Amino acid sequence: MSGADGVLGWGIVGLGRVANDHIAPAITALPNSSLVAVASRDATRAAAFAERHGAPVPLDSYPDLLANPAVQAVYIATPNSLHADQVVAAADAGKHVLCDKPLATTVAEAQRAIDACARAGVGLGVTFQTRNYDGMADMRTLIGAGQIGDVVVAQLEMSPGRTLLKGWRTDPSLAGAGVMNNVGVHGYDLLRYLLDDEIVEVSAMLSSEPGFELDTTALALLRFAGGALAYVNVNQTVPDHQPDLVIYGASGRVLGRNVTRPNLAGTLTVTGTGGASERPVSSATAFATTVGDFADAVLAGRDPSPSALDALVSVRVTDALERSARERRVVRLAE
């Protein structure tokens, strides 16, 4: 299914903050996208969202959204445990899918969603928009070109500040994991992208604030196939957070200050075989880039990036980290 005149018709289900603040504005601003319909169980909410973003069709039923022939792709932003079923339903209806992370709360459910899209021949992507922050593609390129030598260790902190879990994100049956699924998956995926390498071994420690069943702080150690080690601190607990990233190589380093969260202005500093440089970077346009790239991919008949495989690996990594914390041991991804 392709869009008329190079424009992809979108539907959105799950009308929360990300859809309202980022995805719907991106769709309406992009030349390759058009917001056709939105769906919520609350008809009043759907109508208000549609009016705010200029969608002609507000609906109170996801099946009705999928039945609309003008909807060629859906963005899914509902609670995590609903994603797999909704992806499968969209695939069965012949719709392309851009799903909020994580794709599912278990590896088996993620695989089921991927298989459904493959059978239907529709595109499947996931919103790992952190890859599209300004400077990240350049960082990947210079690391791949050996400008800092072989990567030895990476350190990443990813926190929105003290913004404790709320709503459905506090419910294990809906969220799966806490801060790991809410924030951490972006960090783990970003390191895979930057190093162009796969995580083979993990170790994790989790903690939860009083009154919370799910993790609010997650510290992870990752080993990559090429030998690099990484430390990732994701949390929603500390008020004075430091959203930074540093990658040390045998011949230099890449340092990103204020670069790991949305809507930040930061700096990217490189010290390596090509000398030293520093430039300003921003994460303000990442959601729009992610939506636009997905639309371009499905309109051109190619696989989206981040891909279905990226989505599956992400769920595998989170599952391994949860097992590591629960069983107090190092877990290999092949287990």
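**Two sheets, their helices and a few unusual backbone spots**

Pro102 sits in the loop between strand E5 and helix H5 (107-120). The model is a predicted one, and in it the peptide bond leading from Lys101 into Pro102 is cis, with omega near -10°. A cis bond also turns up between Ser305 and Pro306, this time with omega near 0°; Pro306 belongs to the loop between H9 and H10. The backbone has another oddity at Asn258, where phi is near 65°, a positive value in a residue other than glycine. Asn258 lies in the loop between E12 and E13. As background, most peptide bonds are trans, and most residues other than glycine have a negative phi.

Strand E5 (residues 96-99), which precedes the Pro102 loop, is part of an open sheet of six strands. The order in that sheet is E3-E2-E1-E4-E5-E6, and the pairing is parallel. Strand E3 (57-59) and strand E6 (124-126) are the edge strands, each with a single partner, so one side of each has no neighbour in the sheet. From one strand to the next, the twist averages 25°. E5 and E6 run parallel and are joined by three bridges, with Val97 standing opposite Leu124 in E6. Helix H9 packs on this sheet, where it touches strand E1 (8-13), strand E2 (33-39), strand E4 (73-76), E5 and E6. The direction of H9 makes about 130° with that of E1.

H9 has a helix partner too. The axes of helix H1 (residues 17-29) and H9 come within 8 Å and cross at roughly 55°, which makes H1 oblique to H9. The handedness of that crossing is right-handed. On the H1 side, the residues involved are Val18, His22, Ile23, Ala26 and Ile27, and they meet Phe287, Ala288 and Val291 in H9. Sorted by class, the contact has seven nonpolar residues, one polar and no charged ones.

Further along the chain, Ser307 is placed in the loop between helix H9 (286-300) and helix H10 (308-327), the loop that also holds Pro306. The side chain of Ser307 reaches the backbone nitrogen of Leu309 at 3.3 Å. Leaving aside residues up to four places away in sequence, Ser307 touches Leu124 and Val126. This ties back to the six-stranded sheet, where Leu124 in E6 is the residue opposite Val97.

The other sheet is also open and has nine strands, in the order E14-E13-E12-E11-E7-E10-E9-E8-E15, with mixed pairing. Its edges are strand E14 (275-282) and strand E15 (331-332), and each has a single partner strand, so one side of each is left without a neighbour in the sheet. At the E14 end, strand E13 (residues 265-272) runs antiparallel to E14, and eight bridges join the two. One of the residues involved is Val270, whose bridge partner in E14 is Ser277.

Two helices can be placed against this nine-stranded sheet. Helix H6 (residues 136-144) lies across strand E7 (151-158), strand E11 (245-249), strand E12 (252-257), E13 and E14, and runs at about 10° to E11. Helix H8 (residues 179-195) packs on the sheet as well, touching E7, strand E8 (199-207), strand E9 (217-224), strand E10 (229-235) and E11. The direction of H8 makes about 25° with that of E9.

Methods
Residues are numbered from 1 along each chain as its sequence is written. This is a predicted model: local features need pLDDT of at least 70, side-chain atom pairs count only at pLDDT 80 or more; totals for chains, interfaces and linings use all residues. Side-chain values use heavy atoms; hydrogens and water are left out. Helices (H or I, at least four residues) and strands (E, at least two) are DSSP runs, numbered from the N terminus. A polar contact is a pair of N or O atoms within 3.5 Å; within protein, one must be able to donate a hydrogen and the other to accept it, and residues adjacent in sequence count only if both atoms are side-chain atoms. Contact means heavy atoms within 4.5 Å. Two strands pair if DSSP finds at least two bridges between them. Axes are lines fitted to C-alpha atoms, for helices over the stretch in contact, and angles run from 0 to 180 degrees between N-to-C directions. Angles under 35 degrees count as roughly parallel, over 145 as roughly antiparallel, 65 to 115 as roughly perpendicular and the rest as oblique. A crossing is left-handed if the near helix is turned anticlockwise from the far one by less than a right angle, and right-handed if clockwise. Ala, Val, Leu, Ile, Met, Phe, Trp, Tyr, Cys and Pro count as nonpolar, Asp, Glu, Lys and Arg as charged, and the others, Gly among them, as polar.
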